[in-house]
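Reader: Please take one part of this structure and look at it closely. Then set it in its surroundings, and say how far the model can be read there.

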Number of protein chains: 2
Amino acid sequence: MPETARSASARTPERRYGNRPTMKDVAARAGVGLKTVSRVVNGEAGVSPDTERRVQESISALGFRRNDSARILRKGRTASIGLVLEDLADPFYAPLSRAVEEVARAHGALLINGSSAEDPGREQELVLALCARRVDGLVIVPASDDHRYLEPEIAAGVATVFVDRPPGHIDADLVLADSFAGARDGVSHLIAHGHRRIGFIGDRPGIHTAHERLRGYRAAMSEAGLPVAEGWLAPGATDPGRVRADAERMLEGPERVTALFAGNNRVTVTLVRVLAELDRPVALVGFDDFELADLLSPAVTVIAQDPAQLGRAAAELLFRRLEGVDDPPRRMTHPTRLIARGSGELPPSD
Amino acid sequence: MPETARSASARTPERRYGNRPTMKDVAARAGVGLKTVSRVVNGEAGVSPDTERRVQESISALGFRRNDSARILRKGRTASIGLVLEDLADPFYAPLSRAVEEVARAHGALLINGSSAEDPGREQELVLALCARRVDGLVIVPASDDHRYLEPEIAAGVATVFVDRPPGHIDADLVLADSFAGARDGVSHLIAHGHRRIGFIGDRPGIHTAHERLRGYRAAMSEAGLPVAEGWLAPGATDPGRVRADAERMLEGPERVTALFAGNNRVTVTLVRVLAELDRPVALVGFDDFELADLLSPAVTVIAQDPAQLGRAAAELLFRRLEGVDDPPRRMTHPTRLIARGSGELPPSD
DNA sequence: CACAGTCTGGACAACGTTGTCACCAGCGTC
DNA sequence: GACGCTGGTGACAACGTTGTCCAGACTGTG
């Protein structure tokens, strides 16, 4: 019987889910129809207690588990959402991610997530892979500055919410912290404590939050009638080596700064290390709060935003869209909060 | 024509992916057969350049994106793996999660993850939801101590690797740090610096790592011929309030401890806060390294394990299984490393 | 006893994709 | 000039589920 042997092996893919039982198998074993099994599995009405018992017995005997891929194909909703951000392990984004997960869970959805590593190509690749999986919605912390590639997806009904940074060249829901006001407040705080020469070290201005924070810095300086020397600005650094070099440059010479403003939590931590090695005190205010900031000496004054709150707001907005709310795209801005702990209240040292 | 109207609306689910184009639509527009579109989309050979161009044009005109749910249903592999751990946002697990993601990415797979919040029921719910999605494999940091519910899944071919803690009542691949040796080394280090009364504060002993660390503590004490008073042990605390209360209890009275060993990073951080308020120095060694440990005063001596390395090892083992390696379950143990920074080298204060 | 109404259950098509197979044209061979 | 070959193409079934619809077995009623 080469016939059957060949056709059987030829038709069957390598190893389909290791030969899992299907509803058909369950139905055969229980002596009922396919649809009856479906009804039991989904808790639908119209099955007699006796039949239900037989089906349940058959299900557990065979170790059946419904294949959600087939279900999704049939129903058209995946009950899953995608989250793309820069780095899952970053202490700023981890709570954001967790908050999105909690909201998803509350809506019975699973979370698929990926890190873009600040690489636009990788962001796009991830987002489109998620779209191919037909996630119901997307939460995106952009790494790219052009999201036109998402237009067909959004048109096709993928709900999309951006967090932390705005999308490029498309209009979509957006949840932001108020970077401009936060940075302005932080720098004004330093000025209020007597500083006149203040350095700014932050991400490259291509990143929206970095741009806004630099703008806030300039606004505070200009409101106080203070000049800004070009040497006091280091927009672009984020790796410890470069931050260190920039800081050391700003801290020497006749025009040296007496205070520093750090554009994000990574920069702040590096600056804490650099300043700890100095013999004179230099004031520091950092954007983003971080664990143990209060236990350092001096404790670090920060502009705090709440990443979990941003994530929650974004996810809730997403699910509101999925429930059919069809307003024009919204932009929500969350305020920041200055937490004075000591490092930002040091007086100028010269 | 009520006929067509009724049947159309009755048969069509609410809103199928917002009416996305399918291969059939692409084929119709390009004037080719369905299978030819499939070939182009998958880069299969046997399509003339001219036809391919027509199909590509049709794809981008319609904004077509392959529906991976259907593809998965047909092919039987999802190219996705699941990760279930306690808390995505925990600074210990975040890098682990990120490492798993990187390995998955290198193998062309997506990562679906969820937090169990240390709740066995939630772990099971999550894991089974992932199985229903037919993830190819699972990486699990157990919250539960009984994983027999996974037996049918594993039998059906879901590759499964446990990390950080062993599974309960089943045999499966496992990647661990050496909690016992780590804790023993840490406590021996304190003893070597003259301490005789040392407190242990850690997770509830139901958690494997906590149990092992407590065992390591006892081993070090017993090797040094030192007695252990019951009041020096606080296995079960992990929330700041309780850790604080336990520590304060241990730090008073005639039998008071001169050093503390912390069972995990959460506990260590809380103890740093408690000890900072004391007027006399108390030595501290903590399990798990954490950011800024070197900048506190005193800097914190820790037993470091590398969560990213654990995650990477687990994910790589998983993909080796998926590639068909069929050895008996392996148990890999990673060594820990003592990093002396100051807090563990303080002499006894009485 | 005929009849409508309720309850249970199953047959069947469809979701969008991929594997198999068959077909057709164009070609070179004996 | 019948032959097989090859390369391009499409028809068709199947993946496992759910929605629709119909059929039979009961009930209670006139």
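**A helix and its setting**

Author: Directly after α9(A) comes G194(A), which adopts a positive phi of about 100 degrees. The model is predicted, and the values below are to be read with that in mind.

The helix that precedes this glycine covers residues 179–192 of chain A, 14 residues in total. Between its first C-alpha and its last it reaches 20 Å, close to the 20 Å expected at 1.5 Å a residue. Of these 14 residues, 10 are buried, so α9(A) is largely enclosed by the rest of the structure. At the start of the helix the buried residues include S179(A), F180(A), A181(A), G182(A) and A183(A). Further along, G186(A), V187(A), H189(A), L190(A) and I191(A) are buried as well.

S179(A) is a useful residue to examine, since it belongs to helix α9 of chain A. Its relative accessible area is 4%, under the 20% cut-off, and therefore S179(A) is buried. Leaving out residues up to four places away in sequence, S179(A) touches T209(A), E212(A), R213(A) and F287(A). In the domain assignment of chain A, domain 3 takes in 179–306, while domain 2 consists of 78–177 + 308–334 and domain 1 of 2–66. The C-alpha centres of domain 1 and domain 2 of chain A are 37 Å apart.

Another helix of chain A can be set beside this one. α6(A) occupies residues 93–106, has 14 residues and reaches 20 Å from first C-alpha to last, close to the 20 Å expected at 1.5 Å a residue. α6(A) is mostly covered, with 10 of its 14 residues buried. Among them are Y93(A), A94(A), L96(A) and S97(A), and also the charged residues R98(A) and E101(A). G108(A), just after α6(A), has a positive phi of about 70 degrees.

The helix α9 of chain B can be described in turn. α9(B) spans residues 179–192, and its end C-alpha atoms lie 20 Å apart, which agrees with the 20 Å that 14 residues should span at 1.5 Å a residue. α9(B) is mostly covered, since 10 of its 14 residues are buried. The buried set includes S179(B), F180(B), H189(B) and I191(B). G194(B) follows α9(B) and has a positive phi, near 100 degrees.

Chain B superposes on chain A by a rotation of 180 degrees with 0.0 Å of shift along the axis, at an RMSD of 0.1 Å. The two copies are thus related as by a two-fold rotation axis. Within chain B, I112(B) has the C-alpha nearest that axis, at 2.1 Å. Both copies use the same surface, in that 97% of the contact residues of chain B recur in chain A.

Strands of chain B complete the picture. β3(B), residues 137–140, has G137(B) and V139(B) pointing one way and L138(B) and I140(B) the other, and all are buried. β3(B) pairs in the parallel sense with strand β1 (residues 80–85) of chain B over four bridges, and G82(B) stands opposite L138(B). β3(B) also pairs in the parallel sense with β4(B), residues 159–163, over four bridges, and here L138(B) stands opposite T160(B).

Strand β5 (residues 173–177) of chain B runs parallel to β11(B), joined by four bridges. The bridge partner of A177(B) in β11(B) is H334(B). Along β11(B), residues 331–334, M332(B) and H334(B) point to one face and are buried, while R331(B) and T333(B) point to the other and are not.

As for how far the model can be read, chain A averages a pLDDT of 92, and 95% of the residues score at least 70. Over residues 1–16 of chain A, however, pLDDT stays under 50. Where pLDDT is low, the predicted coordinates should not be read in detail. The model has eight contacts beyond four places in sequence for residues 1–16 of chain A.

Terms used: Residues are numbered from 1 along each chain as its sequence is written. Chains are lettered from A and ligands numbered from 1 in the order in which they are written. This is a predicted model: local features need pLDDT of at least 70, side-chain atom pairs count only at pLDDT 80 or more; totals for chains, interfaces and linings use all residues. Side-chain values use heavy atoms; hydrogens and water are left out. Copies are superposed by least squares on the C-alpha atoms of residues with pLDDT of at least 70 in both. Contact means heavy atoms within 4.5 Å. Helices (H or I, at least four residues) and strands (E, at least two) are DSSP runs, numbered from the N terminus. The expected span of a helix is 1.5 Å times one less than its number of residues. Buried means under 20% relative accessible area, exposed over 50%, partly exposed in between (1.4 Å probe, protein chains only). pLDDT is the predictor's confidence in each residue, from 0 to 100. Domain bounds come from an automatic or database domain assignment. Two strands pair if DSSP finds at least two bridges between them.
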